[in-house]
Amino acid sequence: MAKIIAIHSFRGGTGKSNLTANIAVAIALKGYRVAVVDTDLQSPGIHALFSVDEVASTKTLNDYLWNRVSISDTACDVTSHLRIEGAGRVFLIPSSVNADEIARIEYEGYNVSLLNSGFQRLIKELELDYLFIDTHPGIGRETLLSIAISDLLFIILRPDRQDFQGTAVTVDVARQLKVNNMMLIINKIPSKMDFLALQQKLEKTYKILVAGILPLSEDIVQMGSCGLFSLQYPHHPLTRIIKQIADKAIMPEQPSPLVYADS
């Protein structure tokens, strides 16, 4: 059975797309078939991390939602481009960066139920083990669907009061939607902050396990979304944390102590 993993944040700027891409690739490196769907139709961008600069001329999720193509026609096999060897595969389903297409989504909306049927078809036709959904920040119709159908929901937040309040809303909504498996990922933590104390505080507040804590990193900022950090820096402490999160995505029921970047 394929597993659907939604990765969400209440606010933008949390590093959600970066983490989605890196976790998905970390799982593919273990030999699994993985797809990443960019459902952030209003502000697409995850394709840049996979260096798919030709997205404007390829089939996108928008084409599927407007009944122009089948959902499988939008899937780009980026495995060889990422130089991933072995049985693992990575497919990217990008959203359109065309200004007119984005404006149409904003103005007209779309049939959200098409997303669910499209996800199921992708799983079947691509023989997927994991389907990652990179959501639009906040709480919208497509986000509610992605959360509702997910087998595992990762909620990303920063050590920021607005993020804490927004995460409380997201957790409440997810529980109303009967999402049983949720985990927190805390990103962009200042190095002087007490990581363990922060982990304990958030787990107590939200009653959800923390899957990973990542410090604020100039190394990631300097990349400027040009490629995948975990592939370019396979031995970096942050890559070790990403691999730990990937392990928890594969086996969320198996508890294990967190690895911090300085440990």
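## A walk through the helix crossings, pockets and cavity

Start with helix 5 and helix 6, which cross in a right-handed sense. Keep in mind as you go that this is a predicted model. To bring the pair up, select residues 113-125 for helix 5 and 141-149 for helix 6; their axes come within 9 Å and cross at roughly 40 degrees. An angle between 35 and 65 degrees falls in the oblique class, so helix 5 and helix 6 are oblique to each other. Now show side chains: L115, N116 and F119 of helix 5 touch E142, L145 and I149 of helix 6. Colour that contact by class and you get four nonpolar residues, one polar and one charged.

**Next stop: helix 7 and helix 8**

Select 161-176 for helix 7 and 195-206 for helix 8. This pair packs at an angle of about 40 degrees, with the axes 11 Å apart. Helix 7 and helix 8 are therefore oblique to each other, and their crossing is right-handed. On the helix 7 side, pick F164, T167, A168, V171 and R175; they meet L198, K201, L202 and Y206 in helix 8. By class, this contact has six nonpolar residues, one polar and two charged.

**Over to helix 1 and helix 11**

Helix 1 is 16-28 and helix 11 is 237-250. Here the packing angle is about 70 degrees, and the axes lie 9 Å apart. Helix 1 and helix 11 are therefore roughly perpendicular to each other. The handedness is right-handed here too, if you look at how helix 1 passes helix 11. Which residues of helix 1 meet helix 11? Highlight N22, I23, A26 and I27; across from them in helix 11 are I242, I245, A246, A249 and I250. That contact divides into eight nonpolar residues, one polar and no charged.

**Stay on helix 1 for the largest pocket**

Leave helix 1 on screen, as it gives five residues, the largest share, to the lining of the largest pocket. Turn on a surface and centre on T14, G15, K16, N18 and K188, which lie nearest the centre of the pocket among its 32 lining residues. The space inside comes to about 520 Å³. To see what builds the walls, add strand 7 (182-189), strand 8 (209-215) and helix 9 (218-223); along with helix 1 and helix 11, each supplies at least two lining residues. Colour the lining by class: 13 residues are nonpolar, 13 polar and six charged.

**Then the second largest pocket**

This one holds about 260 Å³ of space. It has 13 lining residues, and those closest to its centre are H81, L82, R83, L231 and Q232. Select 79-82 for helix 3 and 229-232 for helix 10, the elements that give two or more residues to this lining. The class split is seven nonpolar, four polar and two charged.

**Last stop: a cavity**

How many cavities of 30 Å³ or more does the structure hold? Just one, and the volume of the largest cavity is about 30 Å³. To find it, select N18, L49, I220, M223, S225, G227, L228 and F229, the residues that line it. You have already met N18, one of the residues nearest the centre of the largest pocket. Of the residues lining the cavity, five are nonpolar and three polar, with no charged ones.

Key:
Residues are numbered from 1 along each chain as its sequence is written. This is a predicted model: local features need pLDDT of at least 70, side-chain atom pairs count only at pLDDT 80 or more; totals for chains, interfaces and linings use all residues. Side-chain values use heavy atoms; hydrogens and water are left out. On a 1 Å grid over the protein atoms alone, a cavity is a set of points where a 1.4 Å probe fits but cannot get out, and a pocket is an open set with protein on both sides within 12 Å along at least five of seven lines; lining residues have an atom within 4 Å of a point. Grid points are joined across faces, edges and corners, and a volume is the space filled by probe spheres set on the points. Ala, Val, Leu, Ile, Met, Phe, Trp, Tyr, Cys and Pro count as nonpolar, Asp, Glu, Lys and Arg as charged, and the others, Gly among them, as polar. Axes are lines fitted to C-alpha atoms, for helices over the stretch in contact, and angles run from 0 to 180 degrees between N-to-C directions. Helices (H or I, at least four residues) and strands (E, at least two) are DSSP runs, numbered from the N terminus. Angles under 35 degrees count as roughly parallel, over 145 as roughly antiparallel, 65 to 115 as roughly perpendicular and the rest as oblique. A crossing is left-handed if the near helix is turned anticlockwise from the far one by less than a right angle, and right-handed if clockwise. Contact means heavy atoms within 4.5 Å.
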